[in-house]
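Welcome, and please take a look at the model below. The report after it walks through a few residues, then a pocket, then some backbone details.

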Amino acid sequence: MNKVLYIKLLNRIVVQVGKRVHLEEIARLQGSNVDLAQIKKIIVHESKKEDGTHTVIDILDLLPLIQEIEPDISFELVGVTMCIIELKNEVSKDRFFLFCFVWILLFTGSSLAIIYFHEDVSMQQVQQRIYYMITGEHNHKPLLLQVPYSFGLGIGMILFFNQWFKTRLNEEPSPLEVEMFQYQRSMDEYVLVNENKKPNKSVNTDD
């Protein structure tokens, strides 16, 4: 009976440094007349600090490891032929303080950017002029316009980013998520090109 294994590699995974990566973690496997349980437990990589931040597993490096278990097996490859492994160190206890610092920095920077923009376009004078056109009265602090405008500015940012804390308003991706996706895809392409120039880092427990 023919032994056929269908392999679909994932584009990328994230693992902790020092963790052993099994085949089932980087690929979806389906087969006929093969021992999938044993194949899924094949160790394809052992992450180390020397690997840096990324390493790449090529499908050509996996086939010999599978053939050691099933010598007469044939393969059907689906999708990409390389998987990116992103290595993460253990989360530092000081991460909370770093988060607070970054949050304060971004909050201050964005606040100043909004203030500078409003000053540059003379927003206060514009609102004073609009108030005069509507009411016929001069008011140096037209709160009737400024308060709703302030709330509208915040609501507009929430609608733009399509998220309120961990709650999404709808399934449509926000412009920020689209840009992050484009950035991540460019990073993956860069990693695939440059990591392939390095020596093969795949390991097996039998080595």
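## His118 and its partner

The side chains of His118 and Tyr149 make a polar contact at 2.8 Å (a pair of N or O atoms within 3.5 Å; within protein, one must be able to donate a hydrogen and the other to accept it, and residues adjacent in sequence count only if both atoms are side-chain atoms). This is a predicted model, in which local features need pLDDT of at least 70 and side-chain atom pairs count only at pLDDT 80 or more, while totals for chains, interfaces and linings use all residues. Residues are numbered from 1 along each chain as its sequence is written, and side-chain values use heavy atoms, with hydrogens and water left out.

You will find His118 in helix α4; helices (H or I, at least four residues) and strands (E, at least two) are DSSP runs, numbered from the N terminus. Is His118 buried or exposed? His118 is buried, because its relative accessible area is 18% (buried means under 20% relative accessible area, exposed over 50%, partly exposed in between, with a 1.4 Å probe and protein chains only). Setting aside neighbours within four places in sequence, His118 is in contact with Met123, Tyr149 and Leu153 (contact means heavy atoms within 4.5 Å). Tyr149 therefore appears both as a contact of His118 and as the partner in its polar contact, while His118 itself is buried at 18%.

## The largest pocket

Helix α4 also matters for the next topic, since it gives the most to the lining of the largest pocket, with 11 residues. The space in this pocket comes to about 990 Å³. Here a pocket is an open set of points on a 1 Å grid over the protein atoms alone, where a 1.4 Å probe fits, with protein on both sides within 12 Å along at least five of seven lines; lining residues have an atom within 4 Å of a point. Grid points are joined across faces, edges and corners, and the volume is the space filled by probe spheres set on the points.

Which residues are closest to the centre of the largest pocket? Of the 26 lining residues, they are Trp103, Phe107, Ser110, Met157 and Phe161. At least two lining residues come from each of α4 (95-120), α6 (143-161), β9 (163-164) and α7 (175-195). By type, the lining divides into 15 nonpolar, 9 polar and 2 charged residues (Ala, Val, Leu, Ile, Met, Phe, Trp, Tyr, Cys and Pro count as nonpolar, Asp, Glu, Lys and Arg as charged, and the others, Gly among them, as polar).

One of these lining elements, β9, has the lowest mean pLDDT among the elements of the protein, at 74, whereas helix α1 (residues 23-26) has the highest, at 92. Averaged over the protein, pLDDT is 84, and 90% of the residues score at least 70; pLDDT is the predictor's confidence in each residue, from 0 to 100.

## Residues paired across the sequence

Helix α1 is also where Glu24 lies. Glu24 counts as partly exposed because its relative accessibility is 34%. Not counting residues up to four places away in sequence, Glu24 touches Lys40 and Lys41.

Leu63 sits in helix α3 (residues 59-67) and is buried, with a relative accessible area of 16%. Its contacts, leaving aside neighbours within four places in sequence, are Ile7 and Phe75. Ile42 belongs to the loop between α2 and β5 (43-46), and a relative accessible area of 6% makes Ile42 buried.

Each of these three residues has a partner further along or back in the chain, listed here with C-alpha to C-alpha distances.

| Pair | Apart in sequence | Apart in space |
|---|---|---|
| Glu24 and Ile7 | 17 residues | 10.0 Å |
| Ile42 and Leu23 | 19 residues | 5.5 Å |
| Leu63 and Ile73 | 10 residues | 9.7 Å |

## Loops and a second histidine

Where does Asn33 lie? Asn33 is in the loop between β4 (27-32) and α2 (36-40). Its phi is near 65 degrees, a positive value in a residue other than glycine, and Asn33 is partly exposed at 39% relative accessibility.

Ser122 lies in the loop between α4 and α5 (123-135). Phi of Ser122 is near 55 degrees, again positive in a residue other than glycine. With a relative accessible area of 32%, Ser122 is partly exposed.

His54 is in strand β6 (residues 54-58). A relative accessible area of 14% means that His54 is buried. The side chain of His54 makes a polar contact with the side chain of Thr53, at 2.9 Å.
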